[in-house]
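Biologist: Please select a single part of this predicted model and examine it closely. I should like to follow its internal arrangement, its surroundings and its setting in the whole chain.

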Amino acid sequence: MATLINIETSTEICSVALSTEGKIVWHKENYDGMSHSVSLAKFIEEMMDYAKKEGYKIDGVAVSCGPGSYTGLRIGVSTSKGLCYGLDVPLISVNTLEVMANHVLKNNEVGENSLLCPMIDARRMEVYTAFYDKSLCQKRETSADIIDENSYLDIKENVLFFGNGASKCQSALNRPNFKLIENVVPLATDMVELSHAAFNQKKFEDVAYFEPFYLKEFVATVAKNKVFENNK
């Protein structure tokens, strides 16, 4: 039975979960803001003590890889790499948007043809987002979108949108087929199904070279590409 450490630090919330064969056996969260460097170290120590006491052997470490905060992701990924080196186990990365979508699937009634639209706040009316179906198959590629009343007019399906970038988009997306779900944040407990699926498929990262998906780097790349296209 695979036992995995799951680490989520992509936003202002820091969380850790220990899971065995897709079942959560221990978890901790801190909602008090960007104190990840302190909280994560404490959580890992507590979790390792618990694992030792209960006789769990760690088989891998999963980390939420973004998009998200540069500082939060850097702390989460560097800690995960250290654990992988120390425990001699593989590293698994899990997309933060998928983590949020997985939470909604587990806690809300989702229609068969509905789309899930996680949104992470970027700046002003810009969000980092993607669209998924009920099977978590990506239906629209990840992008940094500026949301206004003309956004997503081509989408006719029912859409559930959520995340820390969603509330500011509520008035612009005030349409019958768009529904806001509040209080959805990325948590380690919602990584578990995804991390175990990746472990079983042996989808591992190179511990030495892996880097997370920093939000500010993505936004900068998008802006650069837009300038390039406008100058063609």
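Modeller: A helix is taken here as a DSSP run of H or I with at least four residues, and helices are numbered from the N terminus. In this predicted model, the part I have chosen is α1, which covers residues 36–54. Just beyond its end, glycine 55 has a positive phi of about 80 degrees.

The helix contains 19 residues, and the distance from its first C-alpha to its last is 26 Å. That is close to the 27 Å expected at 1.5 Å a residue. Seven positions of α1 are named as buried: His36, Ser39, Leu40, Phe43, Ile44, Met47 and Ala51. When α1 is viewed down its axis, these buried residues fall within an arc of 125 degrees, so they line one face of the helix. A general point helps in reading such a pattern: an α-helix has 3.6 residues a turn, so residues three or four places apart point the same way. On the face turned away from the buried side, α1 carries the exposed residues Val38, Glu45, Asp49, Lys52 and Lys53.

What do the buried residues of α1 pack against? Their partners are the strands β1 (3–8), β2 and β3, together with helix α2. Of these elements, β2 spans residues 14–20 and β3 spans residues 23–30, while α2 comprises residues 70–87.

Serine 39 gives a view of this packing from within the helix. Serine 39 belongs to α1 and has 9% relative accessibility; it counts as buried because the limit is under 20%. Leaving out residues up to four places away in sequence, serine 39 touches Cys14 and Asn30.

Tryptophan 26 shows the packing from the side of the sheet strands. This residue lies in β3 and is also buried, at 13% relative accessibility. Beyond its neighbours within four places in sequence, tryptophan 26 is in contact with Val16, Ala17 and Leu18, and also with Phe43, Glu46, Met47 and Tyr50. Among these partners, Phe43 and Met47 are buried residues of α1. For a sense of distance across the model, tryptophan 26 and aspartate 206 are 180 residues apart in sequence, and their C-alpha atoms are 27 Å apart in space.

The loops beside these partners have backbone features of their own. Glutamate 21 is in the loop between β2 and β3, and its phi is positive, near 50 degrees, although the residue is not a glycine. With 41% relative accessibility, glutamate 21 counts as partly exposed. Between β4 (60–64) and α2, the loop holds proline 67, and the peptide bond from glycine 66 to proline 67 is cis, with omega near 10 degrees.

Helix α4 (residues 192–200) offers a useful parallel. Its buried residues are Val192, Leu194, Ser195, His196, Ala198 and Phe199. They pack against β1, β2 and β3, as well as β4, β5 (91–94) and α3 (96–107). The strands β1, β2 and β3 are thus partners of the buried residues of α1 and of those of α4. After α4 comes lysine 202, whose phi is positive, near 55 degrees.

As for the whole chain, the protein has five helices and 10 strands. Its radius of gyration is 18 Å, close to the 17 Å that the globule rule gives for 232 residues, so the protein is as compact as a globular protein of that length. Along the principal axes, the C-alpha trace spans about 55 × 40 × 35 Å. Buried residues account for 53% of the 232 residues. Of the contacts between residues at least 6 apart in sequence, 64% join residues at least 24 apart.

Confidence remains to be considered. The mean pLDDT of the protein is 92, and 92% of its residues reach 70 or more. Residues 224–232, however, have pLDDT below 50, and this stretch makes zero contacts in the model beyond near neighbours in sequence. Where pLDDT is low, the predicted coordinates should not be read in detail.

Notes:
Residues numbered from 1 in each chain as written. Predicted model: local features only at pLDDT ≥ 70, side-chain atom pairs only at ≥ 80, totals over all residues. Heavy atoms only, no water. Helix = DSSP H or I, 4+ residues; strand = E, 2+ residues; numbered from the N terminus. Buried < 20%, exposed > 50% of the residue type's maximum accessible area, 1.4 Å probe, protein only. Contact = heavy atoms within 4.5 Å. pLDDT = per-residue confidence, 0-100. Expected span 1.5 Å × (residues − 1). Arc of directions from axis to C-beta. Rg over C-alpha atoms; globule rule 2.2 N^0.38 Å.
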